Each structure stands twice: as structure tokens, then as C-alpha cells.
Amino acid sequence: MEATIERASAAASPPKLVVDGVSKRFRVRRDEIRALDCASLRVAEGECVCLVGPSGCGKSTLLNLIAGLDVPDSGSVSVDGKRVTGPGIDRMMMFQESALFPWLDVLGNVLFGLSFKADLTAAERRDVARHHLALVGLERFERANVHELSGGMKQRVALARALAPNPRILLMDEPFAALDAMTREQLYADLQRIWAERRKTVVFVTHNVREAACLGDRVVLFSPRPGRIRAEFAIDLDRPRDINTVELASHASIVTRALKGLLGSGPGEAVE
Amino acid sequence: MKRVLSALGAFAAAVVLWETLVRLEIWPPMLAPSPVDVGAYLLESARDRSLLDAAAVTVKRLLLGYAAGLGAGVPIGLLCARFRFFEDTVGLVALGLQTLPSVCWVPLALLWFGQTEAAMFFIVVMGSLWSIVLATDNGVRHVPPIYARAARTMGSRGMHTWIKVVLPAALPFVVTGMKQGFAFAWRSLMAAEIYVTILTGFGLGHLLHYGRELLAMDAVAGIMIVILVIGLLCDKILFSPLERFLHRRWGT
């Protein structure tokens with residue numbers, strides 16, 4: 001096992017994304033919740049890192065901090081060496097609910113993200129949007145309304161919307177959690193195909209260990225209360241990966257065992 | 001087509017029933033005009049243009065006042081939703097004034113503006129404004145925060161988020177408020193025209209008032225039908241396209 005799954009080492013090339021000792025607390029009435037406690041993470045250009053952990057472990061908080069939607073209490077997030085101070089179109093985010101705008105049709109939704117690309121003409125924006133709808137296989141649905149789409153189609157549109165402005169980093173917050181298994185598997189295949197073509201840096205949050213093992217070059221394990229990064233696992237399987245293979249299952253089972261150990265053990269205990 | 005025919009049939013039956021009841025002379029003929037008399041009045045007043053002119057005057061007042069109420073109400077509603085101070089002050093006043101029957105504005109408008117178009121305009125604005133303010137405020141508060149967050153990650157900021165995301169997301173609520181505001185505007189204008197005689201324009205309300213003074217029941221009934229039809233037409237022309245859009249886009 002040590003041969004296939006090892007503690008991931010820092011990437012040789014300068015990292016695309018650096019999370020350095022980030023902490024975040026939230027006040028809920030009188031209580032203070034340490035959502036994230038001194039988390040550090042390095043993600044290389046083109047790498048896909050999956051953040052896994054039980055709910056309340058701070059993985060979505062970390063994603064929001066990387067997106068610039070929230071500000072850390074201490075520590076810093078930087079992309080290409082530049083500190084993140086707010087949202088930017090170099091980092092696009094996908095949410096669990098598609099967050100598509102119901103007052104726009106499918107094409108309008110994809111165009112929304114492009115409206116901040118000042119260097120494109122209206123016709124060029126339209127072409128870029130259509131190209132990305134074709135990329136997710138929805139070119140025939142550009143005039144459809146959001147409520148007419150299935151859950152999987154909505155997430156495809158959300159993916160097209162996130163990809164269209166050509167961000168370098170894609171942040172995905174449990175984007176497939178609400179979908180049925182069949183649709184999810186189809187999307188794993190599509191996602192891996194698109195990544196192979198576009199080479200984005202991806203941070204993917206999930207509570208599904210198999211999903212993480214299927215999509216991630218690296219799986220980062222979080223534990224809750226306070227939210228901490230506890231372990232990392234490199235997944236060095238060939239792509240495209242099929243979530244139903246035995247190798248993938250054996251990788252996933254190691255992460256699952258570590259996760260169960262974390263939940264059983266008290267805070268502060270080392271987990272390997 | 002079948003729906004149109006059956007509806008027309010029902011209306012025809014209602015008119016026949018009306019005529020029959022009138023012929024039975026259960027009520028004094030002076031108080032119960034026959035549909036034939038009402039039709040004759042409508043034809044006659046259409047020919048001498050008195051009804052058309054009055055309708056034009058009234059509709060112009062309605063649309064002007066309503067447009068002003070809408071133009072002011074939506075931004076005020078946005079301010080209330082955005083700033084707590086506005087919510088605590090303007091929002092509270094709006095909530096109170098919305099429940100105020102709009103005819104209550106008539107004495108105040110008369111004292112402030114006299115028997116002028118300004119008084120009419122003021123009454124219509126006051127009638128429609130508050131429900132539009134409240135609906136916009138309420139609609140914005142019901143917008144799922146995820147829309148604004150998603151827009152922010154795509155580079156939307158400040159005013160852009162308000163105009164391009166929050167306002168359209170609140171549209172179903174805003175349209176409901178617009179419809180309510182329109183109904184209130186229409187009612188307050190009729191109340192104003194019936195109570196206030198002004199020399200700059202003779203509206204449907206005035207016509208109705210004089211119909212009563214002259215004990216012309218055929219005119220009173222005919223004018224009421226015209227008022228009803230105008231309300232119906234405005235609803236179909238102003239709001240049906242919007243509601244069709246909402247239905248198509250939101251699937252509600």
C-alpha cells in the first residue's frame with residue numbers, strides 16, 4: 001500500500017495556489033465556532049485536489065476563502081504569489097445548488113460570467129458561450145429555461161458558466177451531491193475529459209470519498225471542531241478513471257479508514 | 001376557440017337573464033336599467049365622444065400617476081431592503097400607509113393642491129407607491145443569497161449586482177406588488193374623480209358622479225362597465241406579458 005498511496009510531497013514547480021496558516025471563526029449567538037484552524041495547502045498548476053471530511057469540518061469555508069467570498073481571520077491565500085483579497089474571474093466557483101439564474105435562459109446564464117470580459121465583443125461572447133455549452137453537451141439547449149433542465153443538466157450549465165470566462169482555478173463545492181448516481185458517473189467522465197483538454201487547477205470539495213478518489217490527484221482529509229487538515233493521500237491512478245474499478249475502491253477504502261479513525265479519535269490525535 | 005365560445009355564451013345568458021329580470025319589474029324601472037338602455041347609452045356616448053374623452057382623461061391620469069409610483073417605489077423598496085435605517089423609517093411608514101384607504105388622501109390633496117391635476121396625480125401616486133415599495137423590499141429579502149454569491153464570484157459588484165441579479169431575482173414578488181399597486185392606483189383615482197370636480201379634465205369618475213345626480217341609471221351602469229373593461233384591459237396589456245414571462249422562465 002505504501003507504494004501506491006503515500007503522503008503527498010510538495011510539487012516541484014512553484015504552486016499555483018498557496019493557502020498559508022488560514023484560520024476562520026464564526027460567531028453563532030454566544031458560541032464561537034472555529035470553522036478552520038491554521039490550514040495550509042499548496043496546489044500545483046493543473047492539479048486537482050479534493051477536500052474530504054464530515055460536514056462542519058471547514059472544507060467549504062476554505063473554498064469560500066480561496067474564492068475571496070470570505071476573508072480569513074489570520075493567514076493568507078495567494079494565487080500565483082498574489083494575495084487574494086476578493087473574488088476574481090481567475091477563480092470560478094460551482095455550488096451544490098447550480099445557482100443558475102432563473103430569469104435568464106441557458107445561454108444568458110453562460111453569458112453572465114462573460115459580461116466582465118471587457119476585451120470581447122458581444123458576438124465573441126456569444127461564440128465563447130456557445131462553445132462551452134457544446135463542451136458540456138448542451139448546445140441544443142441554449143434557449144431552454146433553467147426550470148426545464150434536469151439536475152445533471154443544470155450542473156452542466158453551471159460548469160459551462162464557470163469555464164466560459166477561462167479561469168485558471170475552478171472551485172467546486174459539492175457540485176454533484178444532489179444528483180443521482182447514474183448522472184454523477186456520467187459527469188465524472190465528462191469532467192475528466194474536459195480537464196484533460198483544458199488543464200485547469202481544481203479544488204473540489206466533497207464528502208464522498210469515492211468521488212474524491214475518482215477525481216483527485218490528491219485527497220486532503222479534514223476533521224471537524226476545529227476544522228483542520230489531518231492527512232493527504234496521493235491518488236496516482238491513470239485517467240480517465242472509472243469510479244467502479246477495484247483499484248479505485250482500494251484507494252478510497254484507505255481514505256475511508258483514515259476518516260473513520262479521525263471521527264473515532266479525539267481532537268489533537270495524530271492520524272496516519 | 002371552444003373556451004371563447006362557451007364564455008361568450010355565458011355572458012349572453014347573463015344579459016338575457018338581466019333583461020328578463022328587468023321586464024318582470026321586480027324593482028322600480030328607474031333603478032334597474034335594461035341592458036338595451038345601457039347599450040343605447042354606450043352607443044350614444046361613444047358617438048358624441050363624451051365617454052371616450054372622459055376615458056382618455058382618466059386613463060392618462062392613471063398611467064402618469066402609476067408610472068411615477070412605480071418609478072419611485074422600486075428604488076425606495078431597494079433602499080429599504082439594503083439599508084436597515086430605511087427599513088426602520090421609510091419601510092415602517094410604507095407598511096402603515098399601505099393599509100390606509102387611498103380615499104383618505106383626497107382631503108389632504110385638495111388642501112395642498114386645490115382642484116388641480118396635481119391633486120389627482122398625488123392621490124394616484126400615494127395609492128400605488130406603498131404596495132410597490134413593500135413588495136420590492138419583501139422580494140429582495142426573499143432572493144436566495146446564493147445568487148448574489150455566484151454573481152460575485154463571476155466579477156459582479158455593487159450596483160451591477162443590484163440591477164442585474166437582485167432585482168431580476170425579486171421580479172416575481174415585484175410584479176405581484178406592481179399589480180396590487182395598479183389596483184390601488186385605479187381605485188384611488190376613481191375615488192378622487194368622484195369626490196373632486198376639477199376643470200382641467202372631465203374623467204369617468206365625474207361622469208359617474210353626474211350620472212347619479214341626474215338619476216341616469218343607464219349611464220351609471222354603462223360607465224361602470226367601461227371602468228371595469230378599462231381595468232381588465234390594463235391588466236391584460238400591462239401585466240399579462242410580464243406574467244407570461246415569469247411563468248415561462250420560472251416555470252411557476
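Two residues are in contact if their C-beta atoms, placed from the backbone, lie within 7 Å. The exercises below use a predicted model.

**Exercise 1. Contacts of V255(A)**

Find which residues V255(A) touches, not counting residues up to four places away in sequence, and place V255(A) in its nonpolar core.

Solution.
- Step 1. Apply the 7 Å limit between C-beta atoms. With sequence neighbours up to four places away left out, the residues touched by V255(A) are V52(A), V209(A), A212(A), A213(A), V219(A), L221(A) and F233(A).
- Step 2. Turn to the largest nonpolar core, which has 122 residues. V255(A) is among the members that touch the most others, together with V52(A), I66(A) and I123(B).
- Step 3. Look for the element that gives the most to this core: helix α6 of chain B, residues 117-141, with 14 residues.
- Step 4. Check for a core apart from this one. Another core has 14 residues, including V38(B), V57(B), M217(B) and I223(B).

**Exercise 2. The sheet in chain A**

Work out the strand order of the open sheet of 4 strands in chain A, and state which strands stand at the edges.

Solution.
- Step 1. Take β1(A), residues 17-28, and β4(A), residues 74-79; they pair in the antiparallel sense over 5 bridges. On β4(A), S76(A) stands opposite D20(A), and S74(A) is the bridge partner of S23(A).
- Step 2. Continue from β4(A) to β5(A), residues 82-83; this antiparallel pair has 2 bridges. Here R83(A) of β5(A) stands opposite S78(A).
- Step 3. Inspect the hairpin of β4(A) and β5(A). There are 2 residues between the strands, and D80(A) takes a positive phi near 55 degrees.
- Step 4. Write the order as β2-β1-β4-β5, with antiparallel pairing. β2(A), residues 31-43, and β5(A) each have a single partner strand and stand at the edges, so one side of each lacks a neighbour in the sheet.
- Step 5. Add the helix. α1(A), residues 59-67, lies across β1, β2 and β4 of chain A and runs at about 115 degrees to β1(A).

**Exercise 3. Where the chains touch**

Describe the side of chain B that touches chain A by its elements and residue classes.

Solution.
- Step 1. Count the residues in contact: 15 of chain B and 18 of chain A.
- Step 2. List the elements of chain B that give two or more residues to this side: α7 (145-153), α8 (158-169) and α11 (217-250). α7(B) gives the most, with 6 residues.
- Step 3. Sort the residues of this side of chain B by class: 8 are nonpolar, 3 polar and 4 charged.

Key
Residues numbered from 1 in each chain as written. Chains lettered and ligands numbered in written order. Predicted model: local features only at pLDDT ≥ 70, side-chain atom pairs only at ≥ 80, totals over all residues. Core = buried A, V, L, I, M, F, W, Y, C linked by C-beta atoms within 7 Å. Buried ≥ 20, exposed ≤ 12 C-beta atoms within 10 Å, placed from the backbone. Nonpolar A, V, L, I, M, F, W, Y, C, P; charged D, E, K, R; others polar. Pairing = 2+ DSSP bridges. Axes fitted to C-alpha atoms, helices over the stretch in contact; angles between N-to-C directions.
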